[in-house]
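Please read the following briefing alongside the sequence and the coordinates. It deals with a sheet and its packing, then with the nonpolar cores.

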Amino acid sequence: MSPSSLGREIHLVSNPPGLPAPEHFRIAEVPVPRPARGQLLVRNRQFLVFAGLRTLVSRQGEGFPIPPLKPGEPLIGPALGEVVAAGPEAGDVPVGTLVTHLLGWREFAVVDADAVQVVPAGHPDPVALLSTASAAYGALTRLTRLREGETVLVTGAAGGVGSLAGQVARLLGAGRVVGTTRSPGKAERLRQELGYDAVVVPGTDPLADRLAEAAPDGYDVIVDNVGGEQLAAALEVARPGARVGLVGALSGQFDPVLSGGTSPAPIDTYLLIRQSVSLLGYQGGDHPGVEEEWREKLADWLRAGDIVYPYVTLPGMDRAPGALQELHQGRHFGTLVVRI
């Protein structure tokens, strides 16, 4: 590439007071950066659209592991790309290597060599490495310690995490797997394509009653991606000694009134005490080794045909400014990625 080469990035125009819309982002053309010592230049191929970005672009994202984005800054997130240049002392990552990293939402990214993960040769589907479902895997294996034959509930089962969480629970020995989603069409796909035993669509009836119908003996393990009313209802039908892994907070992140940095839920704490129910939040940084373990397991399961990785690809950077809005609107099934 010549010194005058340009690449496109998605920049934040302003911190939205509510849900982000396309006008809060813009496509900017910037000079392609050059890698310095210990750095790699990566030409991105795909990047992930994820709900947590709403928190990062909000005005109240302080106090999170990743600092909030400011107007004029490019968006960030998991990306898959090819190394096209390397600076001095950039380690043993040759040009042409396929890697994942966290500087998505741009065509070219300069990344520290020790901040990329090399995609193993022969990987069955490298795009699957953009999935954030390692959180569900970690919640099932580290927080709730799922046991053989137990009944599992996954809230927000049709999203990028939930669509894999139920399948992983089954592979880890769950006897019955139930999910929730707000779309009857997605509910059918969860049953037919991903092997959920039952899927509950919240409606006018009390959600706890619907969940009880799907699993009359209650739930041993709950993987919660939603929070809010769905979490409250799930706790009503939790079995004594149930374990809850809090993975996501979609009810807060998708709420047009809330800031994106909070997700309140009306929880009856007396119920938790009476039933000896435990709630634990999952943070990947608290569990070293889980991400690497997950990547190996996922590749093996994909290669063996034991798991399905559903994702939707939006073609082209022109679709990127509206991608987060499409995610909030629930227009897609599974993981959402933009292909550059």
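**Sheet and cores in a predicted model**

An open sheet is formed by 6 strands in the order 10-9-8-11-12-13, with parallel pairing, where two strands pair if DSSP finds at least two bridges between them, and where helices (H or I, at least four residues) and strands (E, at least two) are DSSP runs numbered from the N terminus. At its edges lie strand 10 (198-200) and strand 13 (278-281), each of which pairs on one side only.

This is a predicted model, in which local features need pLDDT of at least 70 and side-chain atom pairs count only at pLDDT 80 or more, while totals for chains, interfaces and linings use all residues. Residues are numbered from 1 along each chain as its sequence is written, and side-chain values use heavy atoms, with hydrogens and water left out.

**Sheet**
- Strand 11 (residues 219-224) pairs with strand 12 (residues 238-246) in the parallel sense over 5 bridges.
- Within this pairing, Tyr 219 stands opposite Ala 238 in strand 12.

**Nonpolar cores**
- The largest nonpolar core, a set of buried (under 20% relative accessible area, 1.4 Å probe, protein chains only) Ala, Val, Leu, Ile, Met, Phe, Trp, Tyr and Cys residues joined through side-chain atoms within 4.5 Å, has 68 residues, and Val 49 and Trp 105 are among those with the most contacts inside it.
- Helix 2 (residues 134-143) supplies the largest share of this core, 6 residues.
- A second, separate core of 22 residues includes Val 178, Val 200, Ala 233 and Ala 238.

Terms used:
Buried means under 20% relative accessible area, exposed over 50%, partly exposed in between (1.4 Å probe, protein chains only).
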